[in-house]
Each structure stands twice: as C-alpha cells, then as structure tokens.
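User: Please take a close look at one part of this model for me, the second largest pocket. Then carry on to the salt bridges and other local features.

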Amino acid sequence: MIKNYLKVAVRNLFRNKFYSMLNITGLAIGIACCTLIVLFVTDELSYDRYYENSPNTYRLTMAGALNGSSFDLAVVGDVVGQTLVNDFPEVIKSGRFRQFGSPFIRSGENIFKEEKFVWADHSILDIFGIKIIQGDPETALVNPKSLVMSQTAAKKYFGNQNPVGQIVEFGSAKDYRVTGIYADIPDNTHFDFDVLGSLITREDARQGIWLSMNFQTYVVLTPDADLEKMAEQFPAMLQKYIGPEVERFMNVKWDDLEQNGTSLAFGMQPVVDIHLHSDLQAELDTNSDISNVYIFSAIAFFILLIACINFMNLATARSAHRAKEVGVRKVLGSVKKQLVNQFLAESILISLISFVLAIAMAYIALPYYNDLANKNLSIPFTDPIFLAAVFSGILTVGLLAGSYPAFFLSAFKPVTVLKGSLSNGMKSGRLRSVLVVIQFCTSIFLVIGTLVIVDQLKYIQNKNLGFDRDQVLIINDANLAGANTAALKTQIESLSEVKSASYSSYLPTPSNNNVTVFFDGIVPTQDNQVLVSSWVVDYEYIETLGMEIAQGRNFSRDFATDSLGVIINEAALKQLGYDDPLGKTVGTYVSNQGDIQGFKIVGVVKDFHYQTLKEKIGPLVMQLGNSTGLLNMKVNTKNYQALLNKLEASWSELAPNQPFETSFLDDRFGRMYDAEQRRGKIFGVFATLTIIVACLGLFGLAAYTAENRIKEVGIRKVLGANVGQLVYLLSRDIGRLVIIAFVLSAPLAWYFMNNWLAGFEYRTSIGWTIFALTAGGSMLIALITMSYQSLKAATSNPVKSLRTE
C-alpha cells in the first residue's frame with residue numbers, strides 16, 4: 001500500500017510540474033531560513049554551558065547610586081571573592097579576571113599587540129574548564145610574570161617551536177615566561193582571550209580594597225547552595241567590609257550614606273545568563289540579548305509557516321482537479337483513511353525533497369550568514385540529534401502542510417464531485433484568504449522592522465554628537481615612541497595636511513572610560529559626592545576633536561595653574577549644582593588611602609556623546625596630564641595614503657622597530673553599532689526571503705485563479721471588456737487582502753519596534769513615511785505578482801477558451 005501511495009505521489013508531482021516546483025521551492029527556502037536561524041538560536045542558548053562547573057558558577061556584581069549617579073557593575077573589589085570563600089561555606093572557590101589594556105608581546109622577531117589579553121587567577125583555569133595541554137596545569141598561573149596561551153596564540157608567536165619555558169618581552173618587561181598552552185576556548189563563551197597573565201603579578205590584585213572595583217570575579221557554589229539565604233546576608237557583609245572603607249575614604253559614616261539615598265547592592269549572576277541577560281558596565285566582551293533569540297525564533301516560525309501556507313493554499317485551490325479522482329476512488333471502494341494517507345504521502349514526499357534542497361541551500365549560504373551574524377556556525381551532519389531533528393522536521397512539515405488539504409479533499413462526496421458541481425476558485429476559499437493575509441502580515445511586519453532599524457542607524461550616523469569625528473586620524477599606541485613622543489607630535493604638527501594634534505588615552509567611545517568620585521570643594525560629605533568619568537587630556541584635545549566651550553576657556557599654556565585645572569561638561573555642571581562654576585574648586589581622591597587633591601574649574605564644554613546613544617550623556621571631568629596612548633590628528637587632505645606614508649616615515653625615525661598602527665575615529669564610532677547594523681541586515685535578508693516565499697505562493701494561486709476563470713474572461717472579452725478591466729477583475733481580491741494585512745500588522749510592528757527604540761536614550765521616531773512605503777511597496781509587489789498571470793489571461797484569444805462551449 002505504501003508503495004502505491006509513493007507511486008501515485010511521484011506521478012502527481014510530475015503531472016503538475018509547475019505547482020510542484022512552486023511548492024518545493026517555497027518550502028525549501030522557508031526550511032533553509034529556518035535551519036540557519038535554528039543554528040543561530042541554538043548557539044546563542046549554548047553559551048557557557050559546556051564546562052562542568054557552569055550550573056554552579058556565578059559572577060559577582062555590584063550596583064548602587066551616589067547622589068543621583070547610578071552604576072551597575074560586572075566588577076568588584078580584589079578581595080571580594082576570597083572573602084566569600086572564607087565567610088560562606090557554600091562557596092567552594094573563586095577566581096578573578098582583570099582587564100587592563102592590550103600589551104605588546106614580542107617573541108624573537110614576532111611582535112603583536114595582543115588585543116585578547118587578560119590577567120587571571122590560576123583558579124580561573126579550573127572554574128572554566130580551560131584545559132592545559134602543554135605545561136604544568138597545577139602551576140601554570142601560580143607564579144608572577146607567567147603567561148599561558150591558546151593554541152592559536154602559541155602558533156602565532158612561536159610557529160612550530162615548543163612555547164613552554166620560552167621568555168618573551170611583555171611591554172617594557174623582558175622576563176615573562178610562557179608556562180602553559182591551553183586548548184582554544186570555544187566560541188560560545190562570554191569572554192574571548194588568547195593570552196592569560198598571572199594576576200598575582202599586579203600589585204592592585206593584592207591591595208585588599210572593596211571599593212576599588214576592577215575585577216571580574218567568579219565563584220563556584222555547592223550544588224545545594226541556598227541563594228536566597230546567602231543574599232539575605234549580603235547587606236550585613238557590605239556594612240562589615242565596605243563601611244570602614246566608606247568612612248576612611250569618603251569621610252562619611254555608613255548609616256549616614258544609606259539615609260541620604262546612597263545605596264550599594266551586591267549580587268551573584270549565573271554565568272549561563274551573562275551572554276543573553278547581562279549588559280553591565282565593565283563586561284569582558286559585548287554580550288548579545290535574549291530579545292535576539294525571541295525575534296529570530298519568531299521569524300523562523302513565520303517563514304516556515306508561510307511556506308506551509310503556500311502548500312495548503314495551492315492544494316485547496318486546486319481541489320477541483322483532484323475532486324473527480326477522489327470521487328472515482330470512493331466509488332471504487334476507497335475509505336477516507338486511505339485517501340488521507342494518499343494525500344499525506346504526497347505532502348511528506350514534497351517535504352522530503354524540500355528538506356534535501358533546503359539543507360543544500362543552507363550549506364551554501366552558511367559562510368555568508370556567518371559573516372553577516374558574526375558567528376562561526378556549521379551544520380552538524382554527523383550529530384544524531386541533528387539527524388533526528390531533520391527526520392522529525394520532514395514529518396512535521398509534511399503533516400502540518402498536508403493535513404488540511406488531505407482532510408479537505410478526502411471529505412468530498414462522490415455524487416457531488418462526479419456531477420461536476422463542486423465550486424472552485426479563489427472566492428470559494430475563505431481559509432485561503434485568511435492564509436494569504438497571514439503571509440502578508442508577516443512580510444509587512446518584517447519590512448517595517450527593517451526600515452525602522454535602518455532609520456535609527458541613519459539617525460545615529462547623522463546626529464550631532466557634540467564633537468567632530470570626521471577626518472580624525474589616530475596613531476595607536478603612540479607611547480611606544482618613548483622619550484620621543486613630544487618630538488613625534490611636533491614633527492606631525494608641521495605637516496601641511498595636519499590641522500592640529502593631541503595626545504590622550506581617551507576618545508569618545510565606550511571602551512575609553514574611567515569612573516571616579518568628584519565633590520564640591522576639598523572636603524567630601526554625604527551629599528556632595530558624584531560619580532563622573534575622568535579623562536586625562538592635553539592642551540589641544542578639545543580643539544582637535546571639535547568640541548565647543550560653553551563657559552570659560554580651554555586649557556592654555558599661558559596659565560601655569562592649569563596643571564591643577566579641570567574642564568567639566570554640562571552634565572557634570574548639573575550634577576555638581578553650580579550656577580557659576582568658573583573658579584570653583586572640586587576635589588577627588590588621588591590614592592587608595594583617601595588622599596584628596598583639589599582642582600579649579602576653568603571651563604565648561606558642551607555635552608558630547610562619549611557612550612553609545614543608548615545611554616544618557618553622563619558627567620565628565622577632563623584634566624591636564626601626560627597620557628600618550630593615542631596621538632589624535634585633525635587632518636585636511638583627500639590623499640590619505642600620502643599622509644600615511646609621511647606619518648610612517650616619522651614613526652620609523654622616532655620609534656624604530658615599533659609597530660605602526662593607525663585608525664580613524666569615525667570607524668571606531670561605527671563599530672559601536674555593529675550589533676544594530678548586523679540586526680538590520682539580517683532583518684532585511686529575511687524580510688526579502690519572506691516576501692519571495694509569499695509571492696511564490698501568490699504566483700501559483702494567481703495562475704490557478706486565471707486558469708479557472710479563463711472562460712469567464714473569454715466571455716467578458718467578447719462582450720467588450722478591455723485588458724485593464726480584466727486585470728483589475730482578476731487582481732482586486734488580492735489588493736483587498738494586502739490592505740487587510742497592512743491594517744493588522746502595522747500596529748503590531750509599531751508597538752514592537754517602538755519598544756526596541758526605547759533601548760536608545762537618543763532615537764528617531766517612527767514616521768508615517770515608513771508605513772506609507774511599506775503599504776505601497778507591499779501592494780505593488782502583490783499586484784505585480786498577480787498581474788503577470790492576469791495579463792496572460794486577459795490577453796489570451798477568447799476563441800481558444802470558448803471553443804468547447
């Protein structure tokens with residue numbers, strides 16, 4: 001019986017090649033998209049779940065507020081983790097990371113700026129299951145000036161040599177030793193490092209200060225740990241350990257601090273939640289968002305649903321062609337169950353062919369998709385779970401797409417269909433109309449979402465940021481020039497292409513920030529201290545970056561007292577509460593012992609964005625200093641290559657044998673919104689594919705409608721109807737459905753995209769033009785899809801269609 005089902009199914013596929021091709025192509029595209037999205041979602045959900053300790057591993061966090069300034073940190077003080085080990089029996093072990101710049105590491109002739117470097121405790125290796133494959137796993141990061149490297153990094157620095165025991169130059173130090181090589185950390189981890197340095201090397205890792213929050217700290221708990229019970233003890237713990245530090249450093253009693261509205265809250269974050277549920281300050285890497293999982297899962301579902309709808313639409317629309325077959329089979333003794341099995345067999349066969357084609361399409365598209373999504377995904381062909389999922393998918397899609405047509409067709413009464421009185425065509429299919437509306441609802445939603453994302457990105461690119469990011473060229477790691485940094489700047493300022501040059505280690509990008517406490521006067525009190533970002537700049541910094549002075553003046557060499565002067569932004573002015581800030585003294589802590597230094601305010605700079613537009617502009621203080629990490633240049637040339645050649649010549653002269661690297665400020669700014677740009681592109685791709693799949697079904701439906709009404713068209717032509725009237729007649733139903741789909745989907749799209757925009761402190765608005773473009777475009781695409789078949793029917797010779805009458 002099964003053999004007969006398959007034989008008939010294959011025969012029907014070949015008999016109706018056009019409709020079979022539409023069904024298979026639409027399903028294949030839908031399944032391919034669904035496959036790619038499932039790979040993405042599976043990868044997102046797998047972060048930090050591969051090592052043994054992950055269910056019981058937590059990151060320590062600190063949140064709070066200080067006189068109107070709030071913070072939510074992924075870092076704590078150096079001693080916090082070990083304190084928990086000592087005070088809580090549920091805490092088995094702790095480990096810390098400390099990010100502090102990207103050092104240059106030299107091995108022989110190979111020198112690289114190691115962007116993927118971090119300081120780490122030895123216990124980190126055990127907590128995260130980092131496997132040492134060369135060297136002693138018991139002592140790899142125990143001793144000062146020890147480095148362990150990933151296999152990839154070891155290959156980069158040492159080629160085929162054995163790296164263990166090798167001495168390398170680390171910055172200016174020449175005595176760091178490679179003590180181990182570890183297997184590359186999987187991509188689905190919330191951090192990405194290739195070189196770990198022993199944290200015990202750093203003095204600040206041993207200072208024992210809770211308020212010096214610079215360490216990403218992790219703890220492993222016992223499986224039966226009661227988190228709620230532990231959390232109840234945290235306030236007392238903070239008072240016990242931070243209270244004395246607050247009194248010593250901030251001149252405020254702990255109880256007074258709490259009564260004044262200042263707060264501190266200690267927390268433990270499951271490590272498996274970091275990638276999708278965490279966006280704290282001082283994250284080790286840029287995290288994703290759980291909304292991505294929800295959004296793309298919904299897209300996968302709806303694209304597959306649209307492909308299945310195509311199948312159901314075409315199958316039910318062509319019911320008259322199969323009606324007589326059903327009637328004859330029933331007369332000859334077939335029961336409903338056999339007919340249902342026959343139609344489901346055809347559906348599952350189409351699903352099987354579509355899945356094979358879809359997997360091939362996904363495999364071909366995967367490299368481009370990886371590039372678009374910034375992933376390293378692969379199709380796990382040998383994974384039993386994947387194979388089982390494919391088999392289940394074939395059955396599920398086949399049954400989902402074929403169930404309604406199977407029961408619909410098998411329910412025909414033989415007497416009715418053999419008399420030829422079965423109604424057909426588009427008008428008889430209310431369900432088909434509903435399904436078409438669902439298709440276009442999904443397509444319109446995705447199109448509106450894509451246009452909103454593009455509009456926000458355009459808003460970001462065109463917004464006045466309060467500084468000029470165009471034509472600012474940066475020499476990275478300019479401090480490698482050593483004693484020649486001043487000469488390097490002087491030589492570069494003499495170039496005709498350079499308008500001004502400035503040294504600083506800070507740029508208006510999120511990765512450059514240093515938060516500290518400032519207060520009115522030089523005596524801190526419980527209500528005069530505020531958290532601000534503090535930057536060290538030189539005399540030309542504000543000019544080079546095109547910032548505007550709102551009050552007072554810029555730093556000047558004509559004023560020797562400017563060495564103890566500061567320039568604040570308008571947000572800091574508001575926080576400090578000054579009406580006339582010029583000449584006022586503000587203080588800050590300049591040591592871990594609570595020593596205070598006062599500074600005179602010489603100017604106020606207009607607010608500028610130094611974080612992403614998702615965040616409100618925060619208070620900022622700039623002070624003079626000798627920070628030579630970056631040499632920033634405002635340039636005026638179109639021949640950048642000629643300028644780069646001159647800069648490299650000066651660098652080779654004044655910083656011989658040191659790596660020369662440049663970047664543009666607008667490129668750095670653009671990278672801040674990589675995630676949004678990728679999301680916009682992915683939305684656009686899937687919106688396009690959704691429309692294509694929907695139009696494939698619409699095209700087939702239009703073809704069948706035109707075929708069924710060909711005699712009506714012939715009669716109307718004989719009676720004088722013109723081509724335009726006939727095209728309108730055949731296409732108007734679809735126009736109505738598209739309008740209904742737009743009316744239903746537009747409010748939903750506005751709601752969800754408005755919520756997405758709410759994540760930006762500074763954002764565009766969703767204008768009527770987006771909806772107008774979407775409505776017009778959807779109508780045009782639908783009508784073009786329908787019009788081909790409508791024109792074909794309207795321009796046909798009526799004699800051919802009426803000769804049998």
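Analyst: What follows starts at the pocket and then moves along the chain. The model is a predicted one, so side-chain atom pairs count only at pLDDT 80 or more.

Start with the space itself. The second largest pocket holds about 620 Å³. Its lining has 25 residues, and the closest to the centre are Thr35, Val38, Leu39, Thr42 and Phe386. Which helices supply at least two residues each to this lining? They are α2 (17–45), α11 (336–373) and α12 (384–410). Of these, α12 gives the largest share, with eight residues. By type, the lining divides into 15 nonpolar, eight polar and two charged residues.

Val38 deserves a stop. This residue sits in helix α2 and is among the residues closest to the pocket centre. Is Val38 buried or exposed? Neither label fits, because its relative accessible area is 42% and partly exposed covers the range between the 20% and 50% cut-offs. Val38 also has a partner that is distant in sequence. Val293 is 255 residues away along the chain, yet the two C-alpha atoms are 9.5 Å apart.

Next comes the loop that follows α2. Asp48 lies between α2 and β1 (57–66). Its phi is positive, about 60°, although Asp48 is not a glycine. Asp48 counts as buried, because its relative accessibility is 0% and the cut-off for buried is under 20%.

Ala282 makes a useful comparison. Here too phi is positive in a residue other than glycine, with a value near 70°. Ala282 is in the loop between α8 (274–277) and α9 (290–317). Its relative accessible area is 38%, so Ala282 is partly exposed. Two positive phi values, then, with two settings: Asp48 is buried, whereas Ala282 is partly exposed.

Now the salt bridges. The count comes to 20. Take Lys156 and Glu114, whose side chains meet at 3.0 Å, N to O. Lys156 lies in helix α5 (residues 151–158) and Glu114 in the loop between β5 (110–113) and β6 (117–120), so this pair ties together parts that are 42 residues apart in sequence. The two ends have unlike cover. Lys156 is partly exposed at 32% relative accessibility, while Glu114 is buried at 2%.

Arg202 and Asp204 form another bridge, also at 3.0 Å, N to O. What is the cover at each end of this pair? Arg202 is buried, with a relative accessible area of 16%. Asp204 is buried as well, at 15%. Both values fall under the 20% cut-off, so both residues take the buried label.

Then there is Lys634 with Asp468. Their side chains meet in a salt bridge of 2.6 Å, N to O. Why does this pair link separate parts of the chain? Lys634 lies in strand β23 (residues 630–635), and Asp468 is in the loop between α14 (430–462) and β14 (472–476), so the pair ties together parts 166 residues apart in sequence. Lys634 counts as buried at 11% relative accessibility. Asp468 is partly exposed, with a relative accessible area of 29%. Beyond single pairs, there is also a network. Lys489, Asp538, Glu540 and Arg557 are joined into one by salt bridges that share partners.

Back to a strand for a moment. Ile167 lies in β9 (residues 167–170). It is partly exposed, with a relative accessible area of 42%. The C-alpha atoms of Ile167 and Ser146 are separated by 9.6 Å, and the two residues are 21 apart along the chain.

Last, the surface. Leu748, Trp750, Tyr751 and Phe752 make a nonpolar patch of about 440 Å². Trp750 belongs to helix α22 (residues 723–757). How does Trp750 qualify for a patch? Its relative accessible area is 41%, which makes it partly exposed. Patch residues need over 30%, so Trp750 clears that cut-off.

To pull the pocket together: it holds about 620 Å³, its largest share of lining comes from α12, and 15 of its lining residues are nonpolar.

Key:
Residues are numbered from 1 along each chain as its sequence is written. Side-chain values use heavy atoms; hydrogens and water are left out. Patches are made of residues with over 30% relative accessible area and no salt bridge: like charges are joined within 9 Å, nonpolar side chains (Val, Leu, Ile, Met, Phe, Trp, Tyr) within 5 Å. Accessible areas come from the Shrake-Rupley method with a 1.4 Å probe; for residues, only the protein chains shown count as cover. A salt bridge is a side-chain nitrogen of Lys or Arg within 4 Å of a carboxyl oxygen of Asp or Glu. Helices (H or I, at least four residues) and strands (E, at least two) are DSSP runs, numbered from the N terminus. Buried means under 20% relative accessible area, exposed over 50%, partly exposed in between (1.4 Å probe, protein chains only). On a 1 Å grid over the protein atoms alone, a cavity is a set of points where a 1.4 Å probe fits but cannot get out, and a pocket is an open set with protein on both sides within 12 Å along at least five of seven lines; lining residues have an atom within 4 Å of a point. Grid points are joined across faces, edges and corners, and a volume is the space filled by probe spheres set on the points. Ala, Val, Leu, Ile, Met, Phe, Trp, Tyr, Cys and Pro count as nonpolar, Asp, Glu, Lys and Arg as charged, and the others, Gly among them, as polar.
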